[in-house]
Amino acid sequence: MDSLVKFVQDEFVTKKDLPEFSAGDTITVYYEIKEGNKTRTQFFKGVVLQRKGSGTSETFTIRKMSGTIGVERIFPINLPALQKIEVNKRGKVRRARIFYFRGLTGKKARIKEVRR
């Protein structure tokens, strides 16, 4: 049964060509919002906390600061409303999931940039 699901996902789900990014990177996600009969593009810029899952069910979590309040959003990789992803900065972190980042404020919340 599991191989059948994997076969259907590989064959019929369209894959988008997205840039490589991982935890610690600062990215901007552009996605489409429908309001009534109109659509508009909105963006969400923040630090990637984690990438979770594999294949078509993969998701990634982004955290940004809106004033003094932290806002997190989870995006599926194959979201139809997802238009593009831009990698703004590559971050150097030692972990794949940086949940400790939630508790950091001020200068401690900086992530060292990696030049690639």
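The exercises below, each with a worked solution, concern a predicted model of one protein chain.

**Exercise 1. Describe the overall make-up of the chain: how many helices and strands are there, and in what order do they run?**

Step 1. Count the elements: the chain has one helix and five strands.

Step 2. Place them in order. Starting at the N terminus, the elements follow the pattern α-β-β-β-β-β.

Step 3. Consider the extent. The C-alpha trace spans about 50 × 40 × 25 Å along its principal axes.

Step 4. Consider burial. The chain has 116 residues, and 24% of them count as buried.

**Exercise 2. Determine whether phenylalanine 12 is buried or exposed, and state which surface patch includes this residue.**

Step 1. Locate the residue: phenylalanine 12 belongs to helix α1, which covers residues 2-12.

Step 2. Apply the cut-off. A residue is exposed when its relative accessible area is over 50%. Phenylalanine 12 has a relative accessible area of 63%, and therefore it is exposed.

Step 3. Identify the patch. Phe12 joins Met1, Leu4, Val5, Phe7 and Val8 in a nonpolar patch on the surface. Together these residues have about 670 Å² of accessible area.

**Exercise 3. Classify arginine 73 by its accessibility, and state how far its C-alpha atom lies from that of glutamine 83.**

Step 1. Locate the residue: arginine 73 is part of strand β4, residues 69-76.

Step 2. Apply the cut-offs. Buried means under 20% and exposed means over 50%, with partly exposed in between. The relative accessibility of arginine 73 is 33%, so this residue counts as partly exposed.

Step 3. Give the separation. Arginine 73 and glutamine 83 are ten residues apart along the chain, and 16 Å separates their C-alpha atoms.

**Exercise 4. Examine the salt bridge between arginine 63 and glutamate 72: how far apart are the closest N and O atoms, and which network includes both residues?**

Step 1. Begin with the total: seven salt bridges are found in the whole structure.

Step 2. Give the distance. In the pair formed by arginine 63 and glutamate 72, the closest N and O atoms are 3.0 Å apart.

Step 3. Classify the partners. Arginine 63 counts as buried because its relative accessibility is 15%. Glutamate 72 has a relative accessible area of 30%, so it is partly exposed.

Step 4. Turn to another pair. Glutamate 113 forms a salt bridge with arginine 115, with 3.8 Å between the closest N and O atoms. Glutamate 113 is partly exposed at 36%, whereas arginine 115 is exposed at 74%.

Step 5. Identify the network. Through salt bridges that share partners, Arg63, Glu72 and Arg102 are joined into one network.

**Exercise 5. Describe the two largest pockets: how much space lies in each, and what classes of residue line them?**

Step 1. State the volumes. The largest pocket holds about 220 Å³ of space, and the second largest pocket holds about 190 Å³.

Step 2. Examine the largest pocket. Its lining consists of 14 residues, and those nearest its centre are Lys16, Leu18, Gly55, Glu58 and Ile77. By class, the lining has five nonpolar, four polar and five charged residues.

Step 3. Examine the second largest pocket. Its lining includes Arg63 and Arg102, which also belong to the network of Exercise 4. Strand β3, residues 59-66, supplies the largest share of this lining, namely three residues. By class, there are five nonpolar, four polar and three charged residues.

Key: Residues are numbered from 1 along each chain as its sequence is written. This is a predicted model: local features need pLDDT of at least 70, side-chain atom pairs count only at pLDDT 80 or more; totals for chains, interfaces and linings use all residues. Side-chain values use heavy atoms; hydrogens and water are left out. On a 1 Å grid over the protein atoms alone, a cavity is a set of points where a 1.4 Å probe fits but cannot get out, and a pocket is an open set with protein on both sides within 12 Å along at least five of seven lines; lining residues have an atom within 4 Å of a point. Grid points are joined across faces, edges and corners, and a volume is the space filled by probe spheres set on the points. Ala, Val, Leu, Ile, Met, Phe, Trp, Tyr, Cys and Pro count as nonpolar, Asp, Glu, Lys and Arg as charged, and the others, Gly among them, as polar. Helices (H or I, at least four residues) and strands (E, at least two) are DSSP runs, numbered from the N terminus. Patches are made of residues with over 30% relative accessible area and no salt bridge: like charges are joined within 9 Å, nonpolar side chains (Val, Leu, Ile, Met, Phe, Trp, Tyr) within 5 Å. Accessible areas come from the Shrake-Rupley method with a 1.4 Å probe; for residues, only the protein chains shown count as cover. A salt bridge is a side-chain nitrogen of Lys or Arg within 4 Å of a carboxyl oxygen of Asp or Glu. Buried means under 20% relative accessible area, exposed over 50%, partly exposed in between (1.4 Å probe, protein chains only).
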